[in-house]
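Visitor: I am new to this structure. Could you take me through it step by step?

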Amino acid sequence: ESMGWKFAEYLRAGNAIVSQPIDKEFLSPIVAGVHYLPYHSPEECVEQCRRLLADPASAKRMGELNNAYFRKWISPESHVLSLLSQVFQEAGP
C-alpha cells in the first residue's frame, strides 16, 4: 500500500511504468497510457510489460515524460516553491 513512494521514485528515475490503476490524486494528473500503463490482473501486467519491451521508443518517451513530471511537480525544490506560494497567497497583501 505504499505505491505513492514507489511511484515517485520511478518517476524520478525516468522509468516507463506498469502499475495498478492510480486512484489517489497527485498535484497534477497522472495519466494512464501517458505516465504509466495500468493493469488489473497478472496476465494484463505481463502484456503491458511486453508492450513496452516491444516498443523501446515509447518506453523511452514515457520515461522522459515521467522524469519531467517529477521535476515539475514532485522534486523537493518544486514542492517547497509550491508550499511557499500557498503560504503567501493565504497571507494576502
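**A walk through the model**

Guide: This is a predicted model. Start with phenylalanine 88: its relative accessibility is 59%, which makes it exposed.

Visitor: In which helix is the place of phenylalanine 88?

Guide: We know that phenylalanine 88 counts as exposed. Its place in the chain is in helix H4.

Visitor: Which residues form a nonpolar patch on the surface, and what is their accessible area together?

Guide: Phe88 is one of the members. The others in this nonpolar surface patch are Val80, Leu81 and Leu84. Together their accessible area is about 420 Å².

Visitor: How far apart are the end C-alpha atoms of helix H4?

Guide: Helix H4 covers residues 76–91, which is 16 residues. At 1.5 Å a residue, a span of 22 Å is expected. The model agrees with that, as the end C-alpha atoms are separated by 23 Å.

Visitor: Which residue follows H4, and what is its phi?

Guide: The residue after H4 is glycine 92. Its phi is positive, near 75 degrees.

Visitor: Is serine 78 buried or exposed?

Guide: Serine 78 is also found in helix H4. Its relative accessible area is 15%, and the cut-off for buried is under 20%. So serine 78 is buried.

Visitor: Leaving aside neighbours within four places in sequence, which residues is serine 78 in contact with?

Guide: Those close neighbours in sequence are set aside here. What remains for serine 78 is contact with Phe70, Arg71, Lys72 and Trp73.

Visitor: How many salt bridges does the count come to?

Guide: Side chains of opposite charge can pair when their charged atoms come close. The cut-off used is 4 Å between nitrogen and oxygen. By that rule, the count is 2 salt bridges.

Visitor: How far apart are the closest N and O atoms of glutamate 64 and lysine 60?

Guide: Both residues lie in helix H3, residues 56–74. They are 4 residues apart, so about one helical turn separates them. Lysine 60 is exposed at 56%, while glutamate 64 is partly exposed at 39%. Their salt bridge has its closest N and O atoms 3.9 Å apart.

Visitor: Which residue does arginine 61 form a salt bridge with?

Guide: Arginine 61 is partly exposed, at 46% relative accessibility. Its partner also lies in helix H3, 3 residues away, about one turn of the helix. The closest N and O atoms are 3.8 Å apart, and the partner is glutamate 64.

Visitor: Which residues are linked in a network of salt bridges?

Guide: Glutamate 64 bridges to lysine 60. Arginine 61 bridges to glutamate 64. The linked network is therefore Lys60, Arg61 and Glu64.

Visitor: How many aromatic pairs does the structure hold, and at what angle are the ring planes?

Guide: The structure holds 1 aromatic pair. The rings are those of phenylalanine 7 and tyrosine 36, with centres 5.9 Å apart. The pair is edge-to-face, because the planes are at 85 degrees.

Visitor: How many residues apart are phenylalanine 7 and tyrosine 36?

Guide: Phenylalanine 7 is in helix H1, residues 3–13. Tyrosine 36 is in the loop between strand S1 (18–19) and strand S2 (37–38). The pair links distant parts of the chain, 29 residues apart.

Visitor: Are phenylalanine 7 and tyrosine 36 buried or exposed?

Guide: Phenylalanine 7 has 0% relative accessibility, so it is buried. Tyrosine 36 has a relative accessible area of 4%, and it too is buried.

Note on methods
Residues are numbered from 1 along each chain as its sequence is written. This is a predicted model: local features need pLDDT of at least 70, side-chain atom pairs count only at pLDDT 80 or more; totals for chains, interfaces and linings use all residues. Side-chain values use heavy atoms; hydrogens and water are left out. A salt bridge is a side-chain nitrogen of Lys or Arg within 4 Å of a carboxyl oxygen of Asp or Glu. Helices (H or I, at least four residues) and strands (E, at least two) are DSSP runs, numbered from the N terminus. Buried means under 20% relative accessible area, exposed over 50%, partly exposed in between (1.4 Å probe, protein chains only). The expected span of a helix is 1.5 Å times one less than its number of residues. Rings of Phe, Tyr and Trp (its six-membered ring) pair if their centres lie within 6.5 Å; planes under 30 degrees apart count as stacked, over 60 as edge-to-face and the rest as tilted. Patches are made of residues with over 30% relative accessible area and no salt bridge: like charges are joined within 9 Å, nonpolar side chains (Val, Leu, Ile, Met, Phe, Trp, Tyr) within 5 Å. Accessible areas come from the Shrake-Rupley method with a 1.4 Å probe; for residues, only the protein chains shown count as cover. Contact means heavy atoms within 4.5 Å.
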